[in-house]
Amino acid sequence: MGAERTADLWWKHAVIYCLDVETFVDSDGDGYGDMDGLLSRIDYLSSLGVSCLWLLPFFPTPNRDDGYDISDYDAVDRRLGTLGQFVEVVRTAKDRGMRVIVDLVLNHTSDQHPWFQAALEDPSSKYRDFYVWSDEPRDDLFDMVIFPDEEDSNWEYHEPTGQYYLHRFYAHQPDLNVANPEVRDTFAEIIGFWLQLGVDGFRIDAVPYLIETSGIADHPDVGTDPWHEVLHDLRRFVMRRTGSAALLGEVNLPVEEAVDYYGSDGDELNLIFAFDVNQAMWLSLAREDARPIAAALGRLPEVAEEVHWANFARLHDEANVGRLERAERAEVFAAFGPDERMQIFDRGLRRRLAPMLDGDTDRIRLVHSLVLSLPGTPVLYYGEEIGMGENLDLEGRLATRSTMQWNDEPDGGFGPADGQPSRRRPPDGPYGPVEVNVASQRADPSSLLNWVAGAVRTRRQIPELGAGSWSVLDTGDEAVLAHCCQMDESCFVALHNLRGEQRSVEVEHAAAASLFEVLAAPDAHVDHDDERLRVVLPRYGYLWLQTDRPLQGHTSGLPRA
């Protein structure tokens, strides 16, 4: 493969690991994870094989929304460390071959941010137009309130000035006015600051709301540019500064709308989370039927070479299945979150992967195999590599954000034994630290942790997954998903049995001079002749293959679910 296909497009071949500094390791015993704690675990992350760390927000914050309410974009929250310690984390990660991207929340600030405080105190201040104001609440502009359990409007009244300000999220998170050129210039300053400290990119939070013009376009004396110019300008600035930094966007929209956020020439976001594929995956897992995820993959449009999809099983928010039909969503809830305490906003589950799958090791590995082998860039969430569980005693989304479980101590070895307890204690029971922790799994060659590490290292040796063209293959069996990724004269094939019983399938292919397994479930088996692959997959089995000839694959012939 030519260097031009890999060097500046590193994100297409990355395996990203998402973690929260606050819940990872507490080095000083104050009850909060910190940069020094993360630094002490860099070698663990390197041993896992991941090539990029995504750090959830660590900026100064009142912490009313777990750090997504930022009060200063150019610093580290004092509870979590200093800028110097952050730079040491970045330097050490790079020394171990890992890049670092940081979560950037540009849609809104905290209401405690100095900009908003100035806007409240002085309506003539330039910071007034950093936010969006209206004489009347205009809820007819929006189709939903994002957090209906706490908010009943997207506007909040400020009595001293007699106006309402826009907030698409919580009332304590006023929306920034992206139509204001000075706001966009400030975005560039923030990004430039962190690039100068060595980061390799940004995960942009809530992108559709960032560029939402409703409520802004109607605001007097404020002009607007086409929405895509905001992202285009960010990408252009990043490329001028580094040439290789990536923008990963949270764009939870139907795929036919999400694809627009790459830009007409691949000149906006580099990576977009494949939310449609993720939601279809949960429906397929609930039904033990490959057709929903095969159909979702089939709906992915071709995109420019400079961009890529990002695949995941679980992230820091709820497992959102809100775009499934109501009956389909009910199937997912019944299978993976039947207790109302596990559900959130009637659109998702505040659960982690292992307990959702009842601790079935075969099925857990199947899902990891899917995420690592689907066309796109895989993203892992901290703790999923050991099968951590959620703590439903924590409020809302925090259920899946408990502290990392390093050993079998009551707090999972999160901090010193004589330190303050974390406010995000891990759960008790079969998924808590007594039963599930890094220390015990590192010592067990057959553990989930060691399996995930091996699968990650294997995935990083398969360039077809980053640079190849791909298609869904016909297996003739509704329980088995097969897909291939081809590049030049090489081809990668993955098969996954979503059913809890053995399945045997055949896949057509051209003559192969060599064919070999690169990852296989126990008891998986393949043989072939000049025309077909014949594969036996055990319950929830998976099989990765490589060949030096392209397969004659075609879009799945399975009927749509």
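**Close-up 1. D66 and R424, a buried pair.** In this predicted model, D66 and R424 are both buried. Their side chains meet in a salt bridge, with 2.2 Å from N to O. The contact joins distant parts of the chain: D66 comes from the loop between β2 and α4, and R424 from the loop between β14 and α15, 358 residues apart.

**Close-up 2. R423 and E22, next in our tour of charged pairs.** Here the side chains of R423 and E22 form a salt bridge at 2.9 Å, N to O. Because E22 belongs to helix α1 (residues 21-24) and R423 to the loop between β14 (377-381) and α15 (438-442), the bridge ties together parts that are 401 residues apart in sequence. How is each partner placed with respect to the surface, R423 and E22? R423 is partly exposed, its relative accessible area being 39%, whereas E22 has 9% relative accessibility and so counts as buried.

**Close-up 3. The network around these charges.** Which residues are linked in a network of salt bridges? E22, D66, D317, E318, R347, R397, R401, R423 and R424 are linked in this way, so keep the two previous views in mind: D66 and R424, as well as R423 and E22, are bridged pairs. For the wider setting, the count of salt bridges comes to 37.

**Close-up 4. E390 and R351, another salt bridge.** The closest N and O atoms of E390 and R351 are 2.9 Å apart. E390 sits in the loop between β14 and α15, and R351 in the loop between β13 and α13 (353-356), so the bridge ties together parts 39 residues apart in sequence. E390 and R351 are buried.

**Close-up 5. F59 and W194, an edge-to-face pair.** A search of the whole structure finds 32 aromatic pairs, and F59 with W194 makes a good place to begin. Their ring centres are 5.5 Å apart and their planes lie at 75°, which is over 60 degrees, so the pair is edge-to-face. The two rings link distant parts of the chain, with F59 in the loop between β2 (52-55) and α4 (83-95) and W194 in helix α6 (residues 181-196), 135 residues apart. F59 has 1% relative accessibility and counts as buried; W194, at 0%, counts as buried too.

**Close-up 6. F147 and F345, a tilted pair.** With ring centres 5.6 Å apart and planes at 50°, F147 and F345 are tilted, because this angle is neither under 30 degrees nor over 60. F147 lies in the loop between β4 (133-134) and β5 (155-158), and F345 in the loop between β12 (343-344) and β13 (348-349); the pair links parts of the chain 198 residues apart. F147 is buried, at 2% relative accessibility.

**Close-up 7. An aromatic cluster and two arginines.** Y17, F24, Y44, Y381, Y382 and W406 are joined into a cluster by ring pairs. Have a look at W406, where the charged end of R41 sits over the ring, 4.4 Å from its centre. Over the face of Y382 lies R352, at 4.9 Å from the ring centre.

**Close-up 8. Helix α16, mostly covered.** Helix α16 (residues 448-459) has twelve residues, and from its first C-alpha to its last it reaches 16 Å, close to the expected 16 Å. Nine of the twelve residues are buried: L448, L449, W451, V452, A453, A455, V456, T458 and R459.

Conventions
Residues numbered from 1 in each chain as written. Predicted model: local features only at pLDDT ≥ 70, side-chain atom pairs only at ≥ 80, totals over all residues. Heavy atoms only, no water. Phe/Tyr/Trp six-rings, centres within 6.5 Å; stacked < 30°, edge-to-face > 60°. Helix = DSSP H or I, 4+ residues; strand = E, 2+ residues; numbered from the N terminus. Buried < 20%, exposed > 50% of the residue type's maximum accessible area, 1.4 Å probe, protein only. Lys NZ or Arg CZ within 6 Å of the ring centre and 35° of its normal. Expected span 1.5 Å × (residues − 1). Salt bridge = Lys/Arg side-chain N within 4 Å of Asp/Glu carboxyl O.
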